[in-house]
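Hi everyone, thanks for coming. I'd like to walk you through a structure that may be new to you, so have a look at it while I talk.

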Amino acid sequence: CTGTNAVFSEKDIDYSIVDDCDMVFVTGSFLLDTFDGEETMKFLKKCKEMGKTTFLDVCWDAKGKWGELLDMSMPYIDYLMPSIDEAVCIAKKEDPDEIADVFRSKGAKNIIIKLGSKGAYLRKEDEQKARKTTSLRGIRKTHKRTSPTSAEKLPEFSAEVGLVLTR
């Protein structure tokens with residue numbers, strides 16, 4: 001059951017809050033029944049028109065619509081951040097370099113693929129060569145997970161991509 005995620009829509013967004021931000025992070029894609037697809041694209045496009053840096057992280061798509069819902073948003077995504085399993089389903093490729101090529105051909109600018117215990121893969125917009133990191137596993141000693149979350153990976157990449165993370 002997706003609960004309120006199923007009815008969240010673009011009209012629920014207060015753009016005055018977006019106006020006060022430098023970066024916009026959309027997460028939960030493929031769990032937001034109303035917002036997924038065209039509404040996500042409209043939101044990201046408006047954010048780009050407002051001069052915002054955009055991030056998008058997906059969740060597992062149990063309905064299997066993957067690219068059908070995401071492809072239209074790619075030109076408005078500055079940083080696409082799927083896990084390797086999600087990326088394989090979206091791009092229909094296995095190799096991170098080939099996956100990044102697919103995403104960039106559809107318009108996404110920077111690709112961050114979470115590789116679980118193997119760390120993460122970063123392909124920046126202005127570079128053909130990817131960068132790989134080591135795992136941040138164990139960052140939370142009291143929480144047993146197999147891979148870091150996007151929020152945990154972002155600081156590691158901040159120096160690479162020139163971001164300043166602020167609260």
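**A buried arginine, and what lies around it**

Let's start with Arg123, which is buried, with a relative accessible area of just 3%. Before I go on, please keep in mind that this is a predicted model. Arg123 sits in strand E5, residues 120-123. Its side chain makes a polar contact with the side chain of Tyr121, at 3.2 Å. And who else does Arg123 touch? If we skip the neighbours within four places in sequence, Arg123 is in contact with Asp97, Ala100, Asp101, Arg104, Lys109, Asn110, Ile111, Gln128, Lys129 and Ala130.

Okay, let's zoom out. The protein has six helices and six strands. Going along the sequence, they follow the pattern α-β-α-β-α-β-α-α-β-β-β-α. There are 167 residues in the protein, and 44% of them count as buried. If you take the contacts with a separation of 6 or more, 59% come from residues 24 or more positions apart.

Now for the inside. In soluble globular proteins, nonpolar side chains tend to be buried together. Here, the largest nonpolar core has 32 residues, and the ones touching the most other members are Phe43, Leu56, Leu70, Met74, Leu80, Ile90 and Phe103. Which elements give two or more residues to this core? They are helices H1, H2, H3, H4 and H5, along with strands E1, E2 and E4. There's also a second, separate core of five residues, and that one includes Phe55, Tyr79, Met81 and Ile112.

Let me pick out a couple of residues from the big core. Phe43, again leaving out neighbours within four places, is in contact with Glu10, Ile13, Tyr15, Val18, Val24, Val26 and Phe35. One of those partners, Tyr15, lies in helix H1. Is Tyr15 buried or exposed? The cut-off for buried is under 20% relative accessible area, and Tyr15 comes in at 18%, so Tyr15 counts as buried. Tyr15 and Phe43 are 28 residues apart along the chain, with their C-alpha atoms separated by 9.6 Å. Beyond four places in sequence, Tyr15 touches Glu10, Phe43, Lys46 and Met50.

Then there's Leu80, which lies in strand E3, residues 79-80. Leu80 is buried, with a relative accessible area of 0%. Outside its neighbours within four places, Leu80 is in contact with Leu56, Leu70, Met74, Phe103, Ala108, Asn110, Ile111 and Ile112. From Leu80 to Ile113 is 33 residues along the chain, and the C-alpha atoms of the two are separated by 7.9 Å.

Last stop: helices H4 and H5. Two packed helices are described by the angle between their axes and the distance between the axes. So what are those values for H4 and H5? They pack at an angle of about 55 degrees, with their axes 10 Å apart. That makes H4 oblique to H5, and the crossing is left-handed. At the meeting point, H4 brings Ile84, Ala87, Val88, Ile90 and Ala91, while H5 brings Pro96, Ile99, Val102 and Phe103.

Looking at H4 itself, Glu86, Ala87, Val88, Ile90 and Ala91 are buried. What covers the buried residues of H4 includes E2, H3, H5 and E4. Just after H4, you'll find Lys92 with a positive phi of about 60 degrees.

That's my tour, thanks for listening!

Methods. Residues are numbered from 1 along each chain as its sequence is written. This is a predicted model: local features need pLDDT of at least 70, side-chain atom pairs count only at pLDDT 80 or more; totals for chains, interfaces and linings use all residues. Side-chain values use heavy atoms; hydrogens and water are left out. Helices (H or I, at least four residues) and strands (E, at least two) are DSSP runs, numbered from the N terminus. Buried means under 20% relative accessible area, exposed over 50%, partly exposed in between (1.4 Å probe, protein chains only). A polar contact is a pair of N or O atoms within 3.5 Å; within protein, one must be able to donate a hydrogen and the other to accept it, and residues adjacent in sequence count only if both atoms are side-chain atoms. Contact means heavy atoms within 4.5 Å. A nonpolar core is a set of buried Ala, Val, Leu, Ile, Met, Phe, Trp, Tyr and Cys residues joined through side-chain atoms within 4.5 Å. Axes are lines fitted to C-alpha atoms, for helices over the stretch in contact, and angles run from 0 to 180 degrees between N-to-C directions. Angles under 35 degrees count as roughly parallel, over 145 as roughly antiparallel, 65 to 115 as roughly perpendicular and the rest as oblique. A crossing is left-handed if the near helix is turned anticlockwise from the far one by less than a right angle, and right-handed if clockwise.
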